Amino acid sequence: MNIVIFGPPGAGKGTQSNLIVKKFKLYQLSTGELLRQEIKDKTNLGDQISSTMSTGNLVSDQIVGDLIEKYISNKIYKNRLIFDGYPRNLAQAKNLENLLEKYDQKIDIVSVNLETIKKRILERKILEKRSDDNEEIAIKRFETYENNIKPVIDFYKQSKLLKVVNGEATISEISDEISGLIESIKG
Ligand code: AMP
């Protein structure tokens with residue numbers, strides 16, 4: 001069982017992934033977390049990506065692709081991955097297909113909460129009245145997400161893997177909904 005969970009920055013996809021990870025003994029692969037760790041550890045890669053990350057833009061597809069391959073190729077995680085924050089654009093979605101095929105795996109569910117995406121952006125715009133750098137970067141992250149994600153959603157719609165979860169629901173209700181999807185696939 002490999003799962004992709006979509007959601008804009010701050011929409012609680014990390015929290016949802018966490019709940020599902022515990023329940024189904026999966027491994028949460030958060031590319032944002034992996035990248036932040038590289039910066040924290042002051043690795044060469046960390047130096048390379050820190051300015052891009054601080055502006056809210058995407059790190060190069062090659063760098064993130066190499067990072068996730070380490071996990072996809074590792075037998076410990078085989079068919080146990082929740083992709084949180086990957087893919088972020090169409091090239092990454094295609095790369096993920098290729099990598100999974102290379103290691104004899106596939107995606108079983110792609111979960112997206114379309115309503116929350118729209119609603120949360122509106123909420124942010126209303127709530128975030130302060131004009132500081134953080135707000136600017138937060139908005140930039142949303143815009144980057146919005147600009148890149150539509151072709152990814154269309155890509156998964158075509159493959160019939162896409163499950164749209166209820167946008168009005170709370171995080172725990174959404175997590176229950178995703179759990180139900182997993183149970184139904186596990187049979
Ligand atoms: P996140 O924690 O998922 O919101 O990601 C934080 C930041 O990490 C993003 O704004 C990007 O700069 C970078 N990042 C995370 N995932 C990816 C990805 N799949 N491709 C490119 N950049 C990414």
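Reader: What makes the approach between an oxygen atom of the ligand and a polar backbone atom of Asn57 a polar contact?

Author: The two atoms lie 2.5 Å apart, and a polar contact is a pair of N or O atoms within 3.5 Å (within protein, one must be able to donate a hydrogen and the other to accept it, and residues adjacent in sequence count only if both atoms are side-chain atoms), so the pair qualifies. The protein covers 94% of the 480 Å² of accessible area that the ligand has on its own, areas being computed by the Shrake-Rupley method with a 1.4 Å probe, with only the protein chains shown counting as cover for residues. This is a predicted model, in which local features need pLDDT of at least 70 and side-chain atom pairs count only at pLDDT 80 or more, while totals for chains, interfaces and linings use all residues. Residues are numbered from 1 along each chain as its sequence is written, and side-chain values use heavy atoms, with hydrogens and water left out.

Reader: Which other residues make polar contacts with the ligand, and through which atoms?

Author: A polar side-chain atom of Arg36 is placed 3.0 Å from an oxygen atom of the ligand, whereas Val59 uses a backbone N or O atom, 3.0 Å from a nitrogen atom of the ligand.

Reader: How do you know which residues surround the ligand, and of what kinds are they?

Author: A residue is near the ligand if one of its heavy atoms lies within 4 Å of it, and 15 residues surround the ligand, the closest being Thr31, Arg36, Asn57, Gly85 and Gln92. They divide into six nonpolar, five polar and four charged, where Ala, Val, Leu, Ile, Met, Phe, Trp, Tyr, Cys and Pro count as nonpolar, Asp, Glu, Lys and Arg as charged, and the others, Gly among them, as polar. The largest share, four residues, comes from H2, helices being DSSP runs of H or I with at least four residues and strands runs of E with at least two, numbered from the N terminus.

Reader: Why is Thr31 called buried?

Author: Its relative accessibility is 3%, and buried means under 20% relative accessible area (exposed is over 50%, partly exposed in between, with a 1.4 Å probe and protein chains only), so Thr31 counts as buried. Thr31 belongs to helix H2, residues 31-40, and its side chain reaches the backbone oxygen of Gly85 at 3.0 Å. Leaving aside residues up to four places away in sequence, Thr31 touches Val64, Ile68, Asp84, Gly85, Tyr86 and Arg88, a contact meaning heavy atoms within 4.5 Å.

Reader: What makes Glu33 and Arg36 a salt bridge?

Author: Their closest N and O atoms are 3.2 Å apart, and a salt bridge is a side-chain nitrogen of Lys or Arg within 4 Å of a carboxyl oxygen of Asp or Glu, so the pair meets the rule. Both residues lie in helix H2, three residues apart, about one turn of the helix. Glu33, at 45%, and Arg36, at 42%, are both partly exposed.

Reader: How many salt bridges are there, and which one links distant parts of the chain?

Author: The count comes to five. Among them, Glu69 pairs with Lys102 at 2.8 Å, and this pair links helix H4 (residues 61-72) to helix H5 across 33 residues. Lys102 counts as exposed because its relative accessibility is 55%.
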